[in-house]
Amino acid sequence: MKNIKLKSIILGLVLTLLITSMPSIGYAEEGNLDNNLEKLRTLFEIGQDYSDFDKYEYDYDDNKVINYGWRGEKGYINVTIDKEGKIIGYSEGEYSSHQPALYTFPKTTREQGEKAARDFIKKLYPDILDKIKAMNEDELYGRDNLRGYTYNYVMVENDLVFNENNIYINVNNQTGEVASFNINWNEDLEFPDTEGIISKDEAKEIYKNNIDLELAYEVKETDKDVKSSLGYNIVNTDKTVDAKSKDMVTTSYKYTYSVYGSLSNENMERLSIEEENKLVDSKKVISRKEASESILDTFKLGEGYEVRDHKLKGNKEKDTYIWEVMVMKYSGNHGSGVSARINANTGKILNYSEPGSRGEDSEESTFTNKELLEKAKEVIKSNYPEKYKEVEYLDEESADLAYGVNNISTFLFIRKVNDIKVKNEGFRIALSKVTGNVVSYNYNWTDTEFESPEIIVEKDRAKELLLEDREFKLEYQTDKSEKESKNVRLVYDFKDKYLVVDAIKAEVIDSRKEMMERTGLKEYKDIENSFAKEQIQKLQRYITLFEGEEFKPKQDINQKEFLQLLGQTKDIYSYQDISYLYERFIREGILEEEEKNMEAIVTREEAVKYIIRAFGQEPLNTLGNIYLLEFEDADEISDNLRGHIAIAKGLGLINGGAEGNFRPKDNLTRQEAVILIYNILNRNI
C-alpha cells in the first residue's frame with residue numbers, strides 16, 4: 001500500500017491557511033472568547049437556534065487544535081482552529097432523525113455547487129482564488145453523488161500544480177450550501193522557475209534507467225474462486241526526476257507491502273442458530289467456546305477480558321465460514337469492546353484489536369522495539385510454526401507503518417512463495433511499548449496455486465511495457481527525504497507508477513480500469529427500445545446499475561440486484577460486501593431474516609414492500625382491507641401488502657399499468673425496477 005503520512009490521509013484536519021480577515025482566536029484568553037465566538041457566528045451565519053455550545057482541544061500532527069461546536073435541535077456546526085488562530089476546517093449537517101429516509105435527485109447543479117464553493121473560499125480567503133485549480137475527483141467515473149458535490153482545489157504556480165496546497169469542499173446538492181470545508185496551505189514556500197528544464201522525453205529516459213521493478217504475487221478473490229497472478233511492480237515509487245538537475249529525487253510516496261486481513265466477505269451471510277449447531281456438530285466449524293478460547297489463549301488475555309456476542313457468517317456455496325466476536329475489557333463499571341474475526345473452519349484468528357489499549361500514549365515506554373519484535377515472532381511461531389518459515393520480516397516497511405500513537409510498534413511479516421513476496425498475505429502485528437501486549441493483529445493466507453516464475457517476461461521488457469505511451473507530469477512537489485521539508489522541487493512524476501505488468505501475459509494490468517468497467521458510467525447497447533431509456537440514462541448519472549455492456553431491460557431482477565439499487569438511494573454501496581447490505585437492511589427492518597434469498601426473483605408487490613419499509617412507513621398488516629385501491633386487479637394484491645401499495649401510490653412511486661392493472665404477482669423486470677428507483681429519487685415529498 002502507499003506509505004502515506006497520516007496528515008495526507010486525514011484531510012479534514014491538516015489545514016494551515018491564515019485568514020487575514022479574522023482575528024486570531026485560537027488559544028485566545030478566555031476574556032476574549034465571547035467576542036471571538038460572536039465573530040464566528042456572524043462569519044458562518046450561525047443562528048440562535050444552535051443554542052448548545054462546546055469546545056475541546058487536542059493534539060494533531062504536533063499541533064494544538066481547537067474545535068468549536070454548536071448544536072441545535074435539528075443539526076450541528078463545527079469550526080476547527082489551530083493555535084495561531086487559523087481556521088482549518090468547517091462542517092455542518094442535520095442529525096439522522098431529521099434527514100430523509102431516502103435521497104432525491106439533486107436540486108442544485110454541479111455548476112451551481114461550484115459557485116457556492118468558490119464563494120465560500122472567497123469569503124474566507126479572497127487572496128487565493130486566482131491561485132487554485134479544480135481537480136474534481138468524483139468525475140472519475142462520470143457520476144455525481146446523491147450526498148453532495150465534492151470539489152478539490154489545488155494550488156497552481158507558473159501554470160503547474162502543487163497538490164500539497166489544497167482545499168476540499170463538499171456542497172449539499174439539495175440545499176446548495178457548503179457542508180464541509182478543509183484546507184492545507186503552506187505559504188512559506190519558494191517555487192523554482194521553469195527556465196532551463198529538461199524535456200519529458202529526457203525525463204522518461206532518466207526515470208527508466210534509474211527505477212527498479214520487483215516481482216510480486218497478488219491474490220484476487222471472485223464470486224467463484226481465488227486466483228493468483230504474478231506481476232512486476234515499481235519498487236521506488238517515491239522517486240521522481242528533478243526537471244532542472246536531472247537527479248532522481250524523493251518527492252513522492254513509496255509503495256510498501258502490508259497485510260490488512262483476509263480478502264472480501266463476498267456473499268457472507270449471517271447463519272441461524274440451527275445452521276450453526278449443525279455445522280458445529282458436523283465438525284465443519286469450531287464452536288463458540290473454541291472461538292473464545294482461541295482469542296483469549298493466543299493473546300494471553302487475563303482478568304477483565306470477555307469474549308461475547310458471537311456471530312457466525314458463511315458462504316454456503318464455498319463452504320467457508322467466519323466467527324465475528326466482540327472482545328470486551330472491563331474496568332470497574334466501564335467497558336470497551338472491539339470486534340475480532342476468526343476463520344471458523346480452521347480456528348485461526350484473522351484480525352484482532354486490543355479493546356483497552358487507548359490512553360497509553362503519554363505513558364513511559366518499558367519495552368524496546370527489539371524486545372517487541374521477539375514477542376511478535378513468538379506469537380507467529382506458537383500459533384503458525386510452519387507458516388513462520390514462509391514469511392520474511394520487512395524491517396523498513398514496519399518502521400514506516402503509521403499507527404497514530406507513539407507508544408506502539410508495528411511489525412510486518414510478508415508471505416513468500418518461490419522466494420517472491422505475496423501482497424497482503426502474512427502477518428501484521430502491533431504491540432504496546434508500555435505493556436508489551438498485542439494491540440493489533442492481522443493475518444491473511446489463502447490456499448491457492450501460484451504460477452511458476454520460470455517462464456516470464458524479462459524485467460527490461462516489463463519496464464518498456466509499463467512506460468510505453470504514458471506521459472510524465474511536470475509539477476511542484478516538496479522533498480520527502482527530510483521530515484517537514486519545505487524544499488520545493490520542480491519534477492517530472494510518472495503518475496501511473498502503481499500499475500502492474502503481468503509477468504506471464506506481458507501486459508499492463510490497470511485495476512482502475514477494471515473498477516471503471518464495473519462501476520463506471522456506461523452506454524448500454526440494448527436500451528434503445530426500452531420504455532425506461534430516459535430514466536436509465538438519468539439514473540446512472542448518480543448510481544451504479546448493472547455490469548456489462550447490456551442492460552437486459554426485460555430480464556427479471558433478483559433480490560440481490562434490486563436491493564443493491566435500493567441501497568444506493570440510502571447511501572449504502574455494496575460493490576464488494578453484499579453481506580453488509582443485507583445486514584443493514586435486516587437491522588433497519590427493510591428485509592426480514594426469513595425473506596432473505598439473494599437469487600430469488602422479486603415480484604412487483606415485493607419490490608414495493610421493500611421500498612415502503614425503506615421509507616420507514618410499514619403499515620399494519622391487520623389493516624389491509626381498509627385501503628382503497630383503484631387498480632382493476634386490486635383483489636390480486638396480497639392482503640398484508642395492500643397498505644404498502646396504497647402508500648406507494650400516494651407517494652407517486654407507482655401508477656396503474658395497462659388497463660389500470662398493477663400486476664402484483666408478476667416478476668419485476670430490470671426496466672421496471674429502474675422506473676421505481678427513478679420515481680424514488682424524483683419524488684417531491
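Reader: Which helices do the buried residues of α15 pack against?

Author: Keep in mind that we're looking at a predicted model. Helix α15 covers residues 604–614, and its buried residues include Val608, Tyr610 and Ile611. Those buried residues pack against α13 (559–568), α16 (642–650) and α17 (670–681).

Reader: OK, so how many of the 11 residues of α15 are buried?

Author: Let's go through the buried ones by name: Arg604, Glu605, Ala607, Val608, Lys609, Tyr610, Ile611, Ile612, Arg613 and Ala614. Charged names such as Arg604 and Glu605 are in that list too. The helix is largely enclosed by the rest of the structure because the buried residues number 10 of the 11.

Reader: And which residue with a positive phi follows α15?

Author: Helix α15 ends at residue 614. After the helix comes a glycine with a phi near 75 degrees, and that residue is Gly616.

Reader: Is Lys497 buried or exposed?

Author: Start with where it sits: Lys497 is in the loop between β23 (488–494) and β24. Leaving out residues up to four places away in sequence, Lys497 touches Tyr207, Ile234, Thr237, Lys239, Thr240 and Ser252. Its relative accessible area is 3%, and buried means under 20%. So Lys497 counts as buried.

Reader: What about Glu202, what is its relative accessible area?

Author: Glu202 lies in helix α4. Its C-alpha atom is 8.9 Å from that of Lys246, a residue 44 places away along the chain. Glu202 is partly exposed, as its relative accessible area is 31%.

Reader: At what angle do α4 and α10 pack?

Author: Helix α4 is residues 200–210 and helix α10 is residues 459–467. Their axes are 11 Å apart, and the crossing is right-handed. The packing angle is about 145 degrees.

Reader: How many charged residues are in the contact of α4 with α10?

Author: From α4, the contact uses Lys204, Tyr207 and Lys208, while α10 brings Lys463, Glu464 and Leu467. Sorted by class, there are 2 nonpolar residues and no polar ones. The charged residues number 4.

Reader: Over how many bridges do β9 and β10 pair?

Author: Strand β9 is residues 213–221 and strand β10 is residues 226–234, and they run antiparallel. One place to look is Glu214, which stands opposite Asn233 in β10. The pairing of β9 with β10 covers 9 bridges.

Reader: Which residue in β24 does Tyr232 stand opposite?

Author: Strand β10 is also joined to β24 (residues 500–502), by 2 bridges. These two strands run antiparallel. Within β24, the residue opposite Tyr232 is Val501.

Reader: How many residues are in the largest nonpolar core?

Author: Phe44, Trp70, Ile121, Ile167 and Phe181 touch the most other members of this core. Take Trp70: not counting neighbours within four places in sequence, its contacts include Leu37, Leu40, Ile46, Phe53 and Val79. Apart from this core lies another of 55 residues, among them Ile536, Leu563, Ile637 and Ala648. The largest core has 71 residues.

Reader: Last one: what percentage of the residues in the protein chain is buried?

Author: The chain has 685 residues, with 17 helices and 25 strands. Of its contacts with a separation of 6 or more, 63% join residues 24 or more positions apart. Buried residues make up 48% of the chain.

Definitions and conventions. Residues numbered from 1 in each chain as written. Predicted model: local features only at pLDDT ≥ 70, side-chain atom pairs only at ≥ 80, totals over all residues. Heavy atoms only, no water. Axes fitted to C-alpha atoms, helices over the stretch in contact; angles between N-to-C directions. Helix = DSSP H or I, 4+ residues; strand = E, 2+ residues; numbered from the N terminus. Left-handed = near helix turned anticlockwise from the far one by under 90°. Contact = heavy atoms within 4.5 Å. Nonpolar A, V, L, I, M, F, W, Y, C, P; charged D, E, K, R; others polar. Pairing = 2+ DSSP bridges. Core = buried A, V, L, I, M, F, W, Y, C linked by side-chain atoms within 4.5 Å. Buried < 20%, exposed > 50% of the residue type's maximum accessible area, 1.4 Å probe, protein only.
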